[in-house]
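Me: I have a structure open and some quick questions. Can we go through it together?
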Amino acid sequence: MKTSFLPLLVTVLAAGLLAGCGRQAKDAPDGSGRPVVALVVKTLNNPFFIEMQQGAEAAASAAGVQLIVQAAEREVDVERQMQIIENLIQRKVDALVVAPSGSREIVPVIVKANRAGIPVLVVDTRADAAALQAAGGQTAAFIGSDNYEGGKVAGEFLVEKMGGRARIAVLEGIPGHETGDARLRGFRDAIKDSPGMVIIASQPANWERDQGYNVFQNIMQAHPTVDAMFAASDLMALGALEAIAAAGRTGRITIVGFDALPEARAAVQRGAMAATVAQDPASMGRIGIEWAARILKGEIPPDEISVPIQLVK
Amino acid sequence: MNERPALLQMQGITKRYPGVVALEEVDLEVRRGEVHFLLGENGAGKSTLMKILAGAVQRDAGTIIIDGCISELRSPREANDAGVSIIYQEFNLVPHLTVAENIFLGREPAARLPGLIDRARMEQEAQQRLTELGVVIRPDAVVDDLGVAEQQMVEVAKALSIDAKILIMDEPTSALTNQEITRLFHVIRTLRDRGVAIIYISHRMEELHRIGDRVTVMRDGRHIATRELTSTHLNELITLMVGRALTEHFPKVAVPAGEELLRVEGLKRTGVLHGISLTLHRGEVVGLAGLMGSGRTELARAIFGADPVDGGRIWVRGKEAKLDSPRAAIALGLGFLTEDRKRQGLVLGLDVTANTCLANLDRFSAAGIVSPGQEMAVAKKLTADLRVKTPDLHQLVVNLSGGNQQKVVLAKWLCREAEILIFDEPTRGIDVGSKVEIYQLINRLAAEGKAVLMISSEMPEILGMSDRILVMHRGSIAGEFSAAEATQEKILHCAVGAKAA
Amino acid sequence: MKIPNRLARNARQFGTFAVFVVLCAVISILTPHFLSVSNLLNVAQQTVINAIIAVGLTYVIISAGIDLSVGSILAFSGVVMGQALGAGLPLPLAIAAGVAVGTGCGAVNGLLIAYGRLPPFIATLGMMSVARGAALLVTDGRPVSGFSESFRWLATGEVMGVPVPVLIMILVYVAAHFVLRRTKFGRYTFAIGGNEEAALLSGVPVRLYKLGIYAVCGGLAGLASVILTARLNSAQPIAGLSYELDAIAATVIGGTSLMGGRGSVVGTLLGALIMGVLRNGLNLLGVSSFIQQVVIGAVIIAAVLLDTFLKNSKR
């Protein structure tokens with residue numbers, strides 16, 4: 001009968017779709033006997049993590065490992081990132097390299113990986129040390145830049161550039177994010193000895209470009225005298241840049257960003273931005289994979305591997 | 001009558017649905033320039049057959065020949081191209097568009113620039129069609145502002161504009177006043193004389209001889225007979241439809257009236273009801289007559305607490321009551337069988353049992369938990385009692401025929417053991433067999449000491465079933481008659497606003 | 001006669017079940033890691049949050065409504081409970097507070113819809129923003145974290161080998177199925193969604209029950225937040241972003257009609273499991289997250305297509 005035929009049709013279609021995905025994925029993991037390392041980043045629609053992915057991919061073949069890269073659809077979706085890691089543990093990957101979406105929220109799943117005997121390397125954002133200790137979890141290493149230091153470099157640069165006098169707006173990341181908090185602490189510490197450097201507004205734009213645009217537009221409305229801005233990430237800075245352009249104030253507000261995205265580098269070069277802090281995500285990805293391979297051969301990494309910070313100006 | 005050539009031949013049409021054969025080898029032959037009635041009880045297969053002809057439903061087997069050409073009719077569009085047009089009981093008009101826009105919907109005359117519509121030409125052509133029909137409707141009027149009869153004329157004009165050779169009309173008079181019906185019949189005769197074949201579905205037997213040429217009777221998905229109307233008696237057709245002879249049309253049994261159950265005094269709703277007073281006694285059937293729009297349904301809704309009122313008092317069983325919601329009314333033993341059972345009476349997606357018990361679920365539940373056993377037992381008894389034709393008690397009511405659906409609504413109020421029943425057009429769109437059963441039920445309810453207020457637009461029904469008749473005109477009671485003194489003329493007189501005789 | 005009829009009526013559910021089984025079969029052929037007890041429990045745990053929220057939405061959607069605010073309500077309930085725990089409230093009280101906040105938000109939705117006569121879409125769209133804002137406000141935007149082991153047991157514990165969240169989910173589903181099929185509340189939910197006017201004229205206290213339906217939906221979002229918070233060991237004010245869409249998807253895949261009046265809790269569970277299995281399977285296969293989104297979207301569309309076809313072929 002017609003009715004029983006249709007569900008079947010849909011099922012076959014869905015199965016076909018899946019099988020297609022399966023085939024596409026087949027040549028990556030499974031089968032060859034080389035160890036499998038999974039890189040789980042926050043999201044793959046942020047250029048920062050795409051650079052990290054590219055660095056990891058370049059390192060994978062040289063290190064003799066197979067690489068799987070996965071991420072949640074949204075940078076803030078901690079539960080989805082947890083699910084992905086749980087699934088990779090089920091898949092029995094040999095090592096995990098993780099950029100946590102939430103410093104504390106990542107802890108339970110690190111404990112799970114520990115129990116399954118899978119080493120976890122943390123990149124970019126630290127897992128919360130206290131929470132990790134309380135839960136009895138362990139990470140093999142942290143690979144990243146010192147965000148506090150990066151914020152400090154940005155602050156020092158701005159003091160020098162503005163001659164010690166500025167009315168500054170700050171765009172924060174998602175509140176409670178270790179990464180963003182550290183950057184802001186560094187920035188504030190760098191300017192606190194210059195009484196002419198005044199933060200007139202500090203608002204979260206949640207790491208997002210469109211929010212950077214909107215929030216900065218509002219700040220310009222409330223504080224027309226603003227003449228400098230520090231954004232905890234380039235995406236937010238680039239959003240703000242558009243808002244400035246739309247207001248016809250390009251070049252009149254000194255902007256310092258963070259992450260040195262290619263687009264931000266270009267903006268620095270043409271003078272729309274003053275500087276951006278380079279974190280080198282590609283190196284983080286590369287070092288993460290290299291150390292994962294070495295751990296699997298029995299080597300023991302240092303607790304912290306610092307990826308140097310540069311100021312692109 | 002001389003033999004005219006067959007315009008449409010449907011041969012061996014068969015349609016099966018899972019578990020049901022809707023049509024079994026049905027033949028239908030319609031001639032050029034005739035009004036061909038299609039008769040049958042609800043569920044006989046008339047609608048399905050017509051939907052197949054209109055391309056809305058696909059047949060499983062059979063041939064359709066229109067004007068000598070075999071036609072597949074795979075879609076409404078193909079049917080239109082073959083010259084078939086259908087006017088459903090619920091019109092297919094877009095309410096917020098104008099008359100001209102509706103008539104040419106999907107076939108708008110193009111202006112010089114592609115994508116633009118030549119408005120002037122469209123309205124001019126629409127005007128022409130309407131004039132041909134002899135009706136006065138502005139082509140730029142918005143359809144929503146038109147009356148039912150005018151909307152129907154727009155549908156007819158739309159059919160004409162595609163040069164329909166075969167026009168199907170499903171219950172075209174069900175919502176019209178007598179005057180409007182006369183006008184519609186005039187239009188139908190005009191079309192017939194121009195060679196259009198009209199297939200006409202109606203439950204109103206009196207229309208057969210007024211407008212029909214031939215009639216085809218269907219029953220249980222089969223073709224039973226096709227007759228010339230000039231040589232056929234009404235009773236014979238009813239027998240063919242029902243498959244058994246109906247002895248009595250209105251089996252009225254008079255019951256002596258008892259104590260007063262309901263008293264309404266000065267019920268007001270601004271602009272709708274102007275101080276209505278009435279009483280209902282045990283064992284009484286009170287007919288409520290009046291033209292469309294006279295406020296009968298509004299009165300019923302106001303008594304039942306479904307619409308707010310601006311004044312008036314109500315007593316139930318001698319005690320003053322505040323009926324401000326259907327829930328309060330039901331608690332006092334009122335029941336309301338609505339005019340539109342699909343929109344207001346039934347939850348179509350629920351089964352027979354759930355609908356039967358909907359108004360009295362407390363009776364079958366303890367601590368909020370429903371007992372399916374008790375529910376089923378009562379539903380079983382009531383459906384057997386009312387002779388509801390359903391494969392089982394878990395059948396969704398959407399799958400039942402109109403007459404059986406109406407019986408389920410009745411079962412709901414019997415289940416509630418309502419004593420004061422308001423029936424709004426209880427037999428509208430229902431086949432003859434079910435009608436008689438519903439009349440018998442009304443008798444039984446009266447005999448059991450219940451009171452029935454019956455709203456009806458069918459004069460014979462009002463005259464045949466009521467102990468007392470109230471006539472409404474523009475929101476007021478214009479007259480009251482006992483069964484003995486009431487005549488069709490007197491009632492009509494009141495209904496149109498002339499002084500009561 | 002009776003059994004084939006029942007079969008025909010439940011055709012949609014059997015269809016969903018068939019899709020689920022075939023999906024599992026295909027994935028287990030493609031990867032050896034899928035069909036193990038630990039992975040299946042893993043999938044079940046990952047389905048819990050969506051599945052519990054989707055129960056509430058099933059009720060709402062059967063009543064011909066919609067609730068867009070469940071994701072935000074989840075966040076708000078979670079942080080209130082987290083703060084209550086942080087303030088030293090006993091565990092059961094804190095959990096009750098979280099669920100109560102969810103129920104309260106849902107009840108406000110219900111009030112606006114039933115008594116304020118707002119369209120459900122608008123009322124819950126508003127609540128989506130209000131509850132999210134409230135969650136950020138009470139926490140100053142920061143997550144609340146670090147809970148006791150006894151609380152975390154709700155996510156990490158096991159009873160006879162079954163993880164506690166899965167157990168809670170099963171209990172919720174058994175109860176929800178019973179309520180939908182066997183109680184006045186369930187019957188009226190169908191009646192209101194199938195034909196609100198007929199229900200009203202049959203004496204159903206429509207507004208009261210609508211209020212109840214949205215309150216239950218909010219309460220279930222609150223319950224989901226308890227499990228999510230225990231699972232992440234953190235209550236985030238930005239938790240549950242777009243969870244309402246996942247829950248609507250599960251409900252729709254499970255065969256509940258967005259037009260109201262038709263649907264089942266069992267179907268919704270299957271819908272949530274299908275989504276969970278798909279995500280798990282695609283992770284196991286190492287498929288890129290972009291393709292995953294495409295596949296899940298395709299499944300939602302296929303499910304609704306299936307629905308439309310079934311409906312048309314019945315007519």
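Reply: Sure, one definition to start: helices (H or I, at least four residues) and strands (E, at least two) are DSSP runs, numbered from the N terminus. This is a predicted model: local features need pLDDT of at least 70, side-chain atom pairs count only at pLDDT 80 or more, and totals for chains, interfaces and linings use all residues. Residues are numbered from 1 along each chain as its sequence is written, chains are lettered from A and ligands numbered from 1 in the order written, and side-chain values use heavy atoms, without hydrogens and water.

Me: Which strands of chain B does helix H6 lie across?
Reply: H6 (residues 178-193) of chain B lies across S3, S7 (166-170) and S8. H6 runs at about 145° to S8(B). Angles go from 0 to 180 degrees between N-to-C directions, with axes fitted to C-alpha atoms, for helices over the stretch in contact (heavy atoms within 4.5 Å).

Me: In which sense do S3 and S8 of chain B pair?
Reply: Parallel, over four bridges. Pairing needs at least two bridges found by DSSP. B:His36 has B:Ile199 in S8(B) as its bridge partner.

Me: What's the strand order in that open sheet of chain B?
Reply: S6-S7-S8-S3-S9-S10, with mixed pairing. S6 (84-87) and S10 (222-228) of chain B are the edge strands.

Me: New topic. How many residues does each of chains C and A bring to their contact?
Reply: Chain C brings 53 residues and chain A brings 45.

Me: How many salt bridges are there between chain C and chain A?
Reply: Three. Each puts a side-chain nitrogen of Lys or Arg within 4 Å of a carboxyl oxygen of Asp or Glu. One joins A:Glu86 and C:Arg231, with the closest N and O atoms 3.0 Å apart.
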